[in-house]
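Please examine the sequence and the structure shown below. The paragraphs that follow lead through the strands, the ligand site, the aromatic pairs and some loop residues.

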Amino acid sequence: MESLKEKFARIALPQADKVKELAREHGDKVLGEVTIGNVLSGMKGVVSLLTVTSKLDPEEGIRFRGYSIPELHKNLPKLHPEGEPLPEGLFYLMLMGELPDKAQVDMVSRELNMRSQVPKHVFDVIDAMPLTAKPMTIFSAAIIAMATESRFQKAYREGIGKKDIWEPAFEDVMNLVARLPRIASYIYRRLYHQNMQIEADHYLDWAGNFAHMMGYDNEEVKRLFRMYLYIHADHEGGNVSAHTTHLVGSALSNPYYAFGAAMAGLAGPLHGLANQEVIRWLQKMIEEIGYVCDSKERIREYVVKTIESGRVVPGYGHAVLRKTDPRFLVQREFALKYLPNNPLIQAVGCLYEVVPEVLKTYQKIKNPWPNVDAHSGALLLAYGIKEYDFYTVLFGVSRALGVLSQLVWDRVFGLPIERPSSQTLEWFLEQAEKK
Ligand code: CMX
(Lines give C-alpha, C1' and ligand atoms only; values in the text may rest on other atoms or scores of the structure.)
Protein backbone atom coordinates (compact mmCIF):
# COMPACT_ATOMS: atom_id res chain seq x y z
CA MET A 1 0.00 0.00 0.00
CA GLU A 2 1.20 3.54 -0.79
CA SER A 3 2.54 5.30 2.33
CA LEU A 4 1.55 8.86 3.24
CA LYS A 5 4.96 10.10 2.15
CA GLU A 6 4.77 8.31 -1.20
CA LYS A 7 1.32 9.70 -1.83
CA PHE A 8 2.48 13.19 -0.85
CA ALA A 9 5.40 12.92 -3.29
CA ARG A 10 3.08 11.79 -6.11
CA ILE A 11 0.78 14.77 -5.52
CA ALA A 12 3.25 17.48 -4.56
CA LEU A 13 6.33 17.08 -6.73
CA PRO A 14 4.65 17.89 -10.07
CA GLN A 15 3.43 21.15 -8.49
CA ALA A 16 7.01 22.30 -7.93
CA ASP A 17 7.43 22.65 -11.69
CA LYS A 18 4.42 24.97 -11.84
CA VAL A 19 6.01 27.28 -9.27
CA LYS A 20 9.34 27.27 -11.12
CA GLU A 21 7.53 28.05 -14.35
CA LEU A 22 5.58 30.90 -12.70
CA ALA A 23 8.84 32.45 -11.52
CA ARG A 24 10.53 31.92 -14.88
CA GLU A 25 7.76 32.94 -17.26
CA HIS A 26 5.72 35.46 -15.28
CA GLY A 27 8.19 36.93 -12.81
CA ASP A 28 7.56 40.54 -13.89
CA LYS A 29 3.77 40.46 -13.70
CA VAL A 30 2.62 43.25 -11.33
CA LEU A 31 0.31 42.14 -8.48
CA GLY A 32 -0.36 45.51 -6.88
CA GLU A 33 1.38 48.48 -5.43
CA VAL A 34 2.74 49.09 -1.96
CA THR A 35 1.86 52.29 -0.15
CA ILE A 36 3.44 53.93 2.86
CA GLY A 37 0.22 53.00 4.68
CA ASN A 38 0.77 49.32 3.87
CA VAL A 39 4.25 49.39 5.36
CA LEU A 40 3.20 51.27 8.48
CA SER A 41 0.21 49.01 9.05
CA GLY A 42 2.26 45.82 9.19
CA MET A 43 2.06 45.04 5.46
CA LYS A 44 -1.68 44.35 5.67
CA GLY A 45 -3.17 43.66 2.28
CA VAL A 46 0.16 43.23 0.47
CA VAL A 47 0.27 39.88 -1.30
CA SER A 48 3.76 38.54 -0.64
CA LEU A 49 3.42 34.90 0.36
CA LEU A 50 2.55 31.68 -1.44
CA THR A 51 0.40 29.50 0.85
CA VAL A 52 -1.46 26.42 -0.36
CA THR A 53 -3.04 25.13 2.85
CA SER A 54 -5.73 27.77 3.46
CA LYS A 55 -7.08 31.15 2.37
CA LEU A 56 -8.81 33.76 4.53
CA ASP A 57 -11.67 35.82 3.12
CA PRO A 58 -12.40 39.00 5.13
CA GLU A 59 -16.17 38.49 4.91
CA GLU A 60 -16.54 34.73 4.91
CA GLY A 61 -13.62 33.55 7.03
CA ILE A 62 -11.20 30.72 6.52
CA ARG A 63 -11.27 28.07 3.79
CA PHE A 64 -8.93 25.15 4.11
CA ARG A 65 -7.95 24.00 0.62
CA GLY A 66 -11.15 25.60 -0.63
CA TYR A 67 -13.46 24.19 2.07
CA SER A 68 -15.20 26.44 4.60
CA ILE A 69 -15.68 25.31 8.21
CA PRO A 70 -19.37 24.37 7.68
CA GLU A 71 -18.36 22.36 4.60
CA LEU A 72 -15.63 20.58 6.52
CA HIS A 73 -18.06 19.87 9.31
CA LYS A 74 -20.12 17.95 6.78
CA ASN A 75 -17.35 16.36 4.74
CA LEU A 76 -14.43 15.49 7.03
CA PRO A 77 -14.54 12.01 8.61
CA LYS A 78 -15.70 11.79 12.23
CA LEU A 79 -15.61 9.19 14.96
CA HIS A 80 -19.33 9.56 15.65
CA PRO A 81 -21.80 10.61 12.96
CA GLU A 82 -23.11 13.53 15.05
CA GLY A 83 -19.65 14.42 16.43
CA GLU A 84 -16.78 16.68 15.39
CA PRO A 85 -14.39 16.18 12.45
CA LEU A 86 -11.07 14.53 13.26
CA PRO A 87 -8.15 17.00 13.06
CA GLU A 88 -6.06 14.28 11.37
CA GLY A 89 -8.49 14.59 8.44
CA LEU A 90 -7.80 18.31 8.13
CA PHE A 91 -4.05 17.61 8.35
CA TYR A 92 -4.41 15.15 5.46
CA LEU A 93 -6.45 17.69 3.48
CA MET A 94 -3.89 20.46 3.99
CA LEU A 95 -0.96 18.19 3.11
CA MET A 96 -2.46 16.40 0.13
CA GLY A 97 -5.05 18.88 -1.12
CA GLU A 98 -7.74 16.16 -1.17
CA LEU A 99 -10.53 15.35 1.26
CA PRO A 100 -9.70 12.04 2.97
CA ASP A 101 -12.07 9.15 3.62
CA LYS A 102 -12.19 7.50 7.04
CA ALA A 103 -9.59 4.84 6.06
CA GLN A 104 -7.13 7.57 5.07
CA VAL A 105 -7.73 9.42 8.34
CA ASP A 106 -7.13 6.19 10.24
CA MET A 107 -3.87 5.83 8.37
CA VAL A 108 -2.78 9.30 9.57
CA SER A 109 -3.81 8.45 13.16
CA ARG A 110 -1.79 5.21 13.02
CA GLU A 111 1.26 6.91 11.55
CA LEU A 112 1.14 9.67 14.19
CA ASN A 113 0.79 7.04 16.89
CA MET A 114 3.86 5.19 15.61
CA ARG A 115 5.92 8.38 15.65
CA SER A 116 4.74 9.67 19.02
CA GLN A 117 7.67 8.61 21.23
CA VAL A 118 9.23 11.77 22.71
CA PRO A 119 13.01 11.52 23.36
CA LYS A 120 13.90 11.45 27.04
CA HIS A 121 16.07 14.56 27.01
CA VAL A 122 13.03 16.64 25.99
CA PHE A 123 11.34 15.66 29.27
CA ASP A 124 14.61 16.51 31.05
CA VAL A 125 14.52 19.99 29.52
CA ILE A 126 10.91 20.42 30.65
CA ASP A 127 11.76 19.14 34.14
CA ALA A 128 14.65 21.61 34.39
CA MET A 129 12.31 24.58 33.97
CA PRO A 130 10.97 26.27 37.12
CA LEU A 131 7.32 25.64 37.98
CA THR A 132 6.81 29.37 37.64
CA ALA A 133 7.78 29.33 33.96
CA LYS A 134 4.92 30.05 31.57
CA PRO A 135 3.64 27.01 29.67
CA MET A 136 4.44 28.64 26.32
CA THR A 137 8.05 29.22 27.45
CA ILE A 138 8.39 25.54 28.32
CA PHE A 139 6.54 24.41 25.19
CA SER A 140 8.79 26.44 22.85
CA ALA A 141 11.93 25.28 24.69
CA ALA A 142 10.84 21.62 24.45
CA ILE A 143 10.19 21.94 20.72
CA ILE A 144 13.58 23.51 20.08
CA ALA A 145 15.22 20.86 22.30
CA MET A 146 13.77 18.18 20.04
CA ALA A 147 15.81 19.52 17.12
CA THR A 148 18.45 16.96 18.14
CA GLU A 149 16.18 14.53 16.26
CA SER A 150 16.02 16.55 13.07
CA ARG A 151 16.39 14.40 9.96
CA PHE A 152 16.36 17.62 7.94
CA GLN A 153 19.40 19.04 9.71
CA LYS A 154 21.26 15.73 9.42
CA ALA A 155 20.44 15.34 5.73
CA TYR A 156 21.57 18.91 5.04
CA ARG A 157 24.87 18.29 6.84
CA GLU A 158 25.33 15.15 4.74
CA GLY A 159 24.88 17.18 1.57
CA ILE A 160 21.31 16.45 0.42
CA GLY A 161 20.32 18.37 -2.73
CA LYS A 162 17.65 21.08 -2.79
CA LYS A 163 15.29 18.93 -4.87
CA ASP A 164 15.14 16.18 -2.25
CA ILE A 165 15.13 18.24 0.93
CA TRP A 166 11.34 18.10 1.27
CA GLU A 167 11.72 14.43 2.25
CA PRO A 168 13.51 14.89 5.61
CA ALA A 169 11.30 17.95 6.16
CA PHE A 170 8.27 15.66 5.80
CA GLU A 171 9.78 13.25 8.36
CA ASP A 172 10.43 16.03 10.88
CA VAL A 173 6.97 17.47 10.42
CA MET A 174 5.23 14.13 10.94
CA ASN A 175 7.33 13.48 14.06
CA LEU A 176 6.63 16.92 15.46
CA VAL A 177 2.87 16.70 14.95
CA ALA A 178 2.88 13.21 16.46
CA ARG A 179 4.78 14.28 19.59
CA LEU A 180 3.23 17.65 20.42
CA PRO A 181 0.24 16.25 22.37
CA ARG A 182 2.61 14.25 24.58
CA ILE A 183 4.86 17.23 25.19
CA ALA A 184 1.93 19.56 25.88
CA SER A 185 0.13 17.16 28.22
CA TYR A 186 3.38 16.41 30.06
CA ILE A 187 3.83 20.15 30.69
CA TYR A 188 0.21 20.43 31.82
CA ARG A 189 0.38 17.52 34.29
CA ARG A 190 3.74 18.69 35.62
CA LEU A 191 2.59 22.25 36.26
CA TYR A 192 -0.95 21.64 37.48
CA HIS A 193 -1.31 18.01 38.61
CA GLN A 194 1.74 17.33 40.81
CA ASN A 195 3.55 15.78 37.83
CA MET A 196 1.23 12.77 37.88
CA GLN A 197 1.64 11.78 34.27
CA ILE A 198 -0.88 9.75 32.28
CA GLU A 199 0.33 7.30 29.66
CA ALA A 200 -0.91 7.55 26.09
CA ASP A 201 -3.79 5.38 24.96
CA HIS A 202 -2.76 4.34 21.46
CA TYR A 203 -6.26 3.17 20.61
CA LEU A 204 -7.49 6.75 20.73
CA ASP A 205 -7.38 9.34 17.96
CA TRP A 206 -4.79 12.16 18.09
CA ALA A 207 -7.09 14.70 19.80
CA GLY A 208 -8.87 12.14 22.01
CA ASN A 209 -5.53 10.86 23.24
CA PHE A 210 -4.38 14.42 23.95
CA ALA A 211 -7.45 15.03 26.14
CA HIS A 212 -6.85 11.65 27.82
CA MET A 213 -3.18 12.43 28.59
CA MET A 214 -4.20 15.78 30.05
CA GLY A 215 -6.54 13.89 32.36
CA TYR A 216 -9.91 14.48 30.65
CA ASP A 217 -11.60 11.23 29.69
CA ASN A 218 -15.10 12.61 29.45
CA GLU A 219 -16.29 12.02 25.86
CA GLU A 220 -17.62 15.58 25.59
CA VAL A 221 -14.16 16.99 26.34
CA LYS A 222 -12.69 14.73 23.67
CA ARG A 223 -15.26 16.15 21.25
CA LEU A 224 -14.30 19.65 22.31
CA PHE A 225 -10.62 18.83 21.67
CA ARG A 226 -11.39 17.45 18.19
CA MET A 227 -13.28 20.62 17.34
CA TYR A 228 -10.74 22.95 18.98
CA LEU A 229 -7.75 21.27 17.34
CA TYR A 230 -9.19 21.42 13.86
CA ILE A 231 -10.57 24.97 13.85
CA HIS A 232 -7.31 26.57 15.07
CA ALA A 233 -5.09 24.70 12.61
CA ASP A 234 -4.44 27.34 9.97
CA HIS A 235 -5.34 30.91 8.95
CA GLU A 236 -3.48 31.42 5.65
CA GLY A 237 0.16 32.50 5.49
CA GLY A 238 0.51 36.00 6.88
CA ASN A 239 -0.47 35.59 10.55
CA VAL A 240 2.43 35.70 12.99
CA SER A 241 2.73 31.96 13.69
CA ALA A 242 2.38 30.90 10.04
CA HIS A 243 4.63 33.62 8.73
CA THR A 244 7.29 32.91 11.36
CA THR A 245 7.35 29.23 10.46
CA HIS A 246 7.79 30.15 6.81
CA LEU A 247 10.39 32.87 7.48
CA VAL A 248 12.59 30.80 9.79
CA GLY A 249 12.17 27.77 7.55
CA SER A 250 13.27 29.85 4.55
CA ALA A 251 16.78 30.02 6.05
CA LEU A 252 16.67 26.19 5.90
CA SER A 253 16.57 26.11 9.68
CA ASN A 254 15.10 22.76 10.62
CA PRO A 255 11.32 22.40 11.21
CA TYR A 256 11.82 22.21 15.01
CA TYR A 257 13.50 25.63 15.00
CA ALA A 258 10.90 27.07 12.64
CA PHE A 259 7.98 25.83 14.71
CA GLY A 260 9.62 26.72 18.06
CA ALA A 261 10.01 30.30 16.78
CA ALA A 262 6.39 30.29 15.60
CA MET A 263 5.28 29.33 19.09
CA ALA A 264 7.18 32.30 20.52
CA GLY A 265 5.08 34.44 18.15
CA LEU A 266 1.84 32.71 19.07
CA ALA A 267 2.59 33.57 22.71
CA GLY A 268 1.98 37.29 22.03
CA PRO A 269 -1.21 38.88 23.45
CA LEU A 270 -2.29 40.20 20.03
CA HIS A 271 -2.12 36.63 18.64
CA GLY A 272 -2.65 33.32 20.48
CA LEU A 273 -2.25 34.61 24.02
CA ALA A 274 -5.53 36.46 23.48
CA ASN A 275 -7.37 33.23 24.38
CA GLN A 276 -6.08 33.60 27.97
CA GLU A 277 -6.44 37.37 28.02
CA VAL A 278 -10.14 37.02 27.26
CA ILE A 279 -10.74 34.99 30.41
CA ARG A 280 -8.61 37.29 32.57
CA TRP A 281 -10.47 40.30 31.22
CA LEU A 282 -13.85 38.63 31.72
CA GLN A 283 -13.03 37.56 35.29
CA LYS A 284 -11.95 41.11 36.13
CA MET A 285 -15.16 42.45 34.64
CA ILE A 286 -17.20 40.01 36.75
CA GLU A 287 -15.27 41.09 39.88
CA GLU A 288 -16.00 44.70 39.07
CA ILE A 289 -19.56 44.70 37.77
CA GLY A 290 -20.94 41.35 38.88
CA TYR A 291 -22.45 38.78 36.53
CA VAL A 292 -22.17 40.42 33.12
CA CYS A 293 -25.59 39.44 31.76
CA ASP A 294 -27.27 41.45 34.53
CA SER A 295 -26.45 44.79 32.93
CA LYS A 296 -25.59 45.53 29.33
CA GLU A 297 -24.95 49.15 30.26
CA ARG A 298 -22.21 48.12 32.69
CA ILE A 299 -20.60 45.92 30.02
CA ARG A 300 -20.61 48.94 27.74
CA GLU A 301 -18.91 51.06 30.40
CA TYR A 302 -16.32 48.37 31.09
CA VAL A 303 -15.45 48.02 27.39
CA VAL A 304 -15.11 51.79 27.01
CA LYS A 305 -12.92 51.91 30.12
CA THR A 306 -10.66 49.19 28.67
CA ILE A 307 -10.18 51.08 25.41
CA GLU A 308 -9.83 54.50 27.00
CA SER A 309 -7.04 53.19 29.23
CA GLY A 310 -5.07 52.29 26.09
CA ARG A 311 -5.71 48.55 26.12
CA VAL A 312 -7.40 46.32 23.59
CA VAL A 313 -10.55 44.28 24.15
CA PRO A 314 -9.22 40.74 23.83
CA GLY A 315 -11.01 38.32 21.53
CA TYR A 316 -12.39 41.11 19.35
CA GLY A 317 -11.00 42.57 16.13
CA HIS A 318 -8.89 41.02 13.43
CA ALA A 319 -6.19 42.03 10.98
CA VAL A 320 -8.07 40.52 8.01
CA LEU A 321 -11.59 39.44 9.04
CA ARG A 322 -14.41 41.97 8.81
CA LYS A 323 -17.25 39.76 10.11
CA THR A 324 -17.78 37.42 13.06
CA ASP A 325 -15.15 34.69 12.83
CA PRO A 326 -16.78 31.38 11.75
CA ARG A 327 -14.45 29.72 14.26
CA PHE A 328 -16.25 31.72 16.97
CA LEU A 329 -19.59 30.58 15.59
CA VAL A 330 -18.71 26.89 15.52
CA GLN A 331 -17.65 27.10 19.16
CA ARG A 332 -20.85 28.98 19.98
CA GLU A 333 -22.88 26.18 18.41
CA PHE A 334 -20.95 23.56 20.38
CA ALA A 335 -21.39 25.53 23.60
CA LEU A 336 -25.13 25.97 23.13
CA LYS A 337 -25.52 22.29 22.29
CA TYR A 338 -23.68 20.93 25.32
CA LEU A 339 -23.58 23.73 27.91
CA PRO A 340 -26.51 26.11 27.32
CA ASN A 341 -27.00 26.83 31.02
CA ASN A 342 -23.37 27.44 31.94
CA PRO A 343 -23.02 31.04 33.22
CA LEU A 344 -19.70 31.59 31.42
CA ILE A 345 -21.15 30.44 28.14
CA GLN A 346 -24.06 32.78 28.71
CA ALA A 347 -21.63 35.60 29.55
CA VAL A 348 -19.83 35.11 26.20
CA GLY A 349 -23.24 35.43 24.52
CA CYS A 350 -24.04 38.66 26.40
CA LEU A 351 -20.66 40.14 25.46
CA TYR A 352 -21.32 39.23 21.83
CA GLU A 353 -24.54 41.26 21.99
CA VAL A 354 -22.83 44.36 23.40
CA VAL A 355 -19.09 44.55 22.53
CA PRO A 356 -19.39 44.90 18.71
CA GLU A 357 -21.83 47.79 19.13
CA VAL A 358 -19.34 49.60 21.39
CA LEU A 359 -16.34 48.87 19.15
CA LYS A 360 -18.25 50.17 16.11
CA THR A 361 -18.30 53.60 17.74
CA TYR A 362 -14.47 53.75 17.45
CA GLN A 363 -13.74 54.64 13.85
CA LYS A 364 -10.16 53.37 13.97
CA ILE A 365 -11.20 49.78 14.83
CA LYS A 366 -11.63 48.04 11.49
CA ASN A 367 -13.36 44.91 12.75
CA PRO A 368 -15.66 45.07 15.80
CA TRP A 369 -16.57 41.37 15.66
CA PRO A 370 -15.32 38.47 17.82
CA ASN A 371 -12.42 36.30 16.67
CA VAL A 372 -11.65 32.67 17.56
CA ASP A 373 -10.21 33.60 20.96
CA ALA A 374 -13.42 35.23 22.22
CA HIS A 375 -14.94 31.84 22.91
CA SER A 376 -12.35 29.13 23.41
CA GLY A 377 -11.35 29.98 27.00
CA ALA A 378 -14.94 29.90 28.26
CA LEU A 379 -15.46 26.44 26.77
CA LEU A 380 -12.27 25.07 28.31
CA LEU A 381 -13.12 26.63 31.65
CA ALA A 382 -16.65 25.25 31.52
CA TYR A 383 -15.16 21.75 31.31
CA GLY A 384 -12.88 22.37 34.29
CA ILE A 385 -9.68 23.20 32.39
CA LYS A 386 -9.13 26.26 34.49
CA GLU A 387 -5.42 26.91 33.98
CA TYR A 388 -5.62 29.89 31.59
CA ASP A 389 -1.88 30.13 31.08
CA PHE A 390 -2.02 26.80 29.30
CA TYR A 391 -4.67 27.72 26.73
CA THR A 392 -2.20 29.05 24.16
CA VAL A 393 -0.36 25.71 24.20
CA LEU A 394 -3.57 24.05 22.97
CA PHE A 395 -3.74 26.62 20.19
CA GLY A 396 -0.10 25.85 19.37
CA VAL A 397 -0.64 22.08 19.09
CA SER A 398 -3.44 22.75 16.62
CA ARG A 399 -1.55 25.41 14.66
CA ALA A 400 1.19 22.86 13.96
CA LEU A 401 -1.11 21.03 11.54
CA GLY A 402 -1.37 23.96 9.14
CA VAL A 403 1.96 25.74 9.37
CA LEU A 404 3.98 22.54 9.24
CA SER A 405 2.02 21.20 6.26
CA GLN A 406 2.87 24.46 4.52
CA LEU A 407 6.52 24.15 5.54
CA VAL A 408 6.81 20.85 3.64
CA TRP A 409 5.23 22.52 0.61
CA ASP A 410 7.74 25.39 0.94
CA ARG A 411 10.51 22.82 0.60
CA VAL A 412 8.79 21.08 -2.33
CA PHE A 413 8.52 24.45 -4.10
CA GLY A 414 12.14 25.24 -3.25
CA LEU A 415 11.10 28.69 -2.03
CA PRO A 416 14.14 30.89 -1.40
CA ILE A 417 15.29 32.65 1.74
CA GLU A 418 12.86 35.46 2.58
CA ARG A 419 14.42 38.90 2.49
CA PRO A 420 12.10 41.89 2.10
CA SER A 421 13.73 45.26 1.75
CA SER A 422 13.71 47.92 4.46
CA GLN A 423 14.26 51.67 4.23
CA THR A 424 15.22 54.41 6.63
CA LEU A 425 12.82 57.01 8.04
CA GLU A 426 14.55 59.66 5.90
CA TRP A 427 13.75 57.63 2.79
CA PHE A 428 10.07 57.38 3.74
CA LEU A 429 9.92 61.12 4.45
CA GLU A 430 11.45 61.80 1.02
CA GLN A 431 8.87 59.56 -0.66
CA ALA A 432 6.11 61.38 1.17
CA GLU A 433 7.30 64.72 -0.25
CA LYS A 434 7.37 63.42 -3.84
CA LYS A 435 4.46 64.39 -6.08
N1 CMX B 1 -9.89 46.58 21.19
C2 CMX B 1 -9.43 47.85 21.22
N3 CMX B 1 -8.79 48.42 20.18
C4 CMX B 1 -8.69 47.69 19.05
C5 CMX B 1 -9.20 46.39 18.95
C6 CMX B 1 -9.82 45.83 20.09
N7 CMX B 1 -10.28 44.59 20.09
N8 CMX B 1 -8.94 45.92 17.71
C9 CMX B 1 -8.27 46.91 17.06
N10 CMX B 1 -8.11 47.97 17.88
C11 CMX B 1 -7.36 49.21 17.63
C12 CMX B 1 -5.91 48.88 17.35
O13 CMX B 1 -5.19 48.67 18.55
C14 CMX B 1 -5.48 50.09 16.56
O15 CMX B 1 -5.31 51.14 17.46
P16 CMX B 1 -4.13 52.25 17.26
O17 CMX B 1 -4.36 52.83 15.90
O18 CMX B 1 -4.36 53.21 18.38
O19 CMX B 1 -2.84 51.50 17.35
C20 CMX B 1 -6.71 50.38 15.71
O21 CMX B 1 -7.82 49.81 16.43
C22 CMX B 1 -6.67 49.80 14.33
O23 CMX B 1 -6.48 48.42 14.43
P24 CMX B 1 -7.06 47.43 13.31
O25 CMX B 1 -6.49 47.85 11.99
O26 CMX B 1 -8.55 47.34 13.42
O27 CMX B 1 -6.49 46.04 13.79
P28 CMX B 1 -5.00 45.47 13.61
O29 CMX B 1 -4.96 44.75 12.32
O30 CMX B 1 -3.96 46.49 13.85
O31 CMX B 1 -4.93 44.45 14.83
C32 CMX B 1 -5.69 42.71 16.23
C33 CMX B 1 -5.64 43.23 14.79
C34 CMX B 1 -6.29 41.32 16.22
C35 CMX B 1 -4.24 42.64 16.76
C36 CMX B 1 -6.54 43.68 17.07
O37 CMX B 1 -7.88 43.67 16.60
C38 CMX B 1 -6.52 43.36 18.55
O39 CMX B 1 -5.60 43.81 19.23
N40 CMX B 1 -7.52 42.58 19.07
C41 CMX B 1 -7.52 42.13 20.45
C42 CMX B 1 -6.49 41.02 20.64
C43 CMX B 1 -6.97 39.73 20.01
O44 CMX B 1 -8.10 39.30 20.20
N45 CMX B 1 -6.07 39.08 19.26
C46 CMX B 1 -6.35 37.74 18.69
C47 CMX B 1 -6.52 37.75 17.17
C48 CMX B 1 -6.74 36.36 16.64
C49 CMX B 1 -5.49 35.52 16.82
O50 CMX B 1 -4.48 35.78 16.16
O51 CMX B 1 -5.51 34.59 17.65
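Strands S2 and S3 pair in the antiparallel sense over 2 bridges. Two strands count as paired if DSSP finds at least two bridges between them; strands (E, at least two residues) and helices (H or I, at least four) are DSSP runs, numbered from the N terminus. The model is a predicted one, in which local features need pLDDT of at least 70 and side-chain atom pairs count only at pLDDT 80 or more, whereas totals for chains, interfaces and linings use all residues. Residues are numbered from 1 along each chain as its sequence is written, and side-chain values use heavy atoms, with hydrogens and water left out.

Within the pairing of S2 and S3, arginine 63 stands opposite serine 68 in S3. The two strands form a hairpin with 2 residues between them. Arginine 65 lies in the loop between S2 and S3, and its phi is near 50 degrees, a positive value in a residue other than glycine. Arginine 65 is partly exposed, with a relative accessible area of 23%; buried means under 20% relative accessible area, exposed over 50%, and partly exposed in between, computed with a 1.4 Å probe and protein chains only.

On the other side of the hairpin connection, 4 bridges join S1 to strand S2 (residues 61–64), and these strands run antiparallel. S1 and S2 form a hairpin with 3 residues between them. Three facing positions can be followed along this pairing: serine 54 stands opposite phenylalanine 64, lysine 55 opposite arginine 63, and leucine 56 opposite isoleucine 62. In a regular strand the side chains alternate between the two faces of the sheet. Along S1, Ser54 and Leu56 point to one face and are buried, while Lys55 and Asp57 point to the other and are not buried.

Together these strands make an open sheet of 3 strands in the order S1-S2-S3, with antiparallel pairing. Strand S1 (54–57) and strand S3 (67–68) stand at the edges and have a single partner strand each, so one side of each is left without a neighbour in the sheet.

The next topic is the ligand. It is surrounded by 18 residues, of which the closest are His271, Gly315, Tyr316, Lys366 and Asp373; a residue counts as near if one of its heavy atoms lies within 4 Å of the molecule. By class, this shell has 9 nonpolar, 5 polar and 4 charged residues. In that classification Ala, Val, Leu, Ile, Met, Phe, Trp, Tyr, Cys and Pro count as nonpolar, Asp, Glu, Lys and Arg as charged, and the others, Gly among them, as polar.

Which atoms of the ligand lie 2.8 Å or 3.0 Å from N or O atoms of the protein? A nitrogen atom of the ligand lies 2.8 Å from a backbone N or O atom of tyrosine 316. An oxygen atom of the ligand is 2.8 Å from an N or O atom in the side chain of lysine 366, and a polar side-chain atom of asparagine 371 lies 3.0 Å from an oxygen atom of the ligand. Taken alone, the ligand exposes 890 Å², and the protein buries 75% of that; accessible areas come from the Shrake-Rupley method with a 1.4 Å probe.

The structure also holds 15 aromatic pairs. Rings of Phe, Tyr and Trp (its six-membered ring) pair if their centres lie within 6.5 Å; planes under 30 degrees apart count as stacked, over 60 as edge-to-face and the rest as tilted. The rings of phenylalanine 123 and tyrosine 186 have centres 4.5 Å apart and planes at 45 degrees, so this pair is tilted. Phenylalanine 123 lies in helix H6 (residues 120–128) and tyrosine 186 in helix H9 (residues 166–192), so the pair ties together parts that are 63 residues apart in sequence. Phenylalanine 123 is buried, with a relative accessible area of 17%, and tyrosine 186 also counts as buried, at 10%. Elsewhere, ring pairs link Phe8, Trp166, Phe170, Trp409 and Phe413 into a cluster.

Two glutamates in loops complete the account. Glutamate 236, in the loop between helix H11 (219–231) and helix H12 (240–250), has a positive phi of about 50 degrees although it is not a glycine. Glutamate 236 is buried, with a relative accessible area of 17%. Glutamate 199, in the loop between H9 and helix H10 (206–214), is exposed, with a relative accessible area of 61%.

Methods: Polar contact = N/O pair within 3.5 Å; in protein donor to acceptor, adjacent residues only side chain to side chain.
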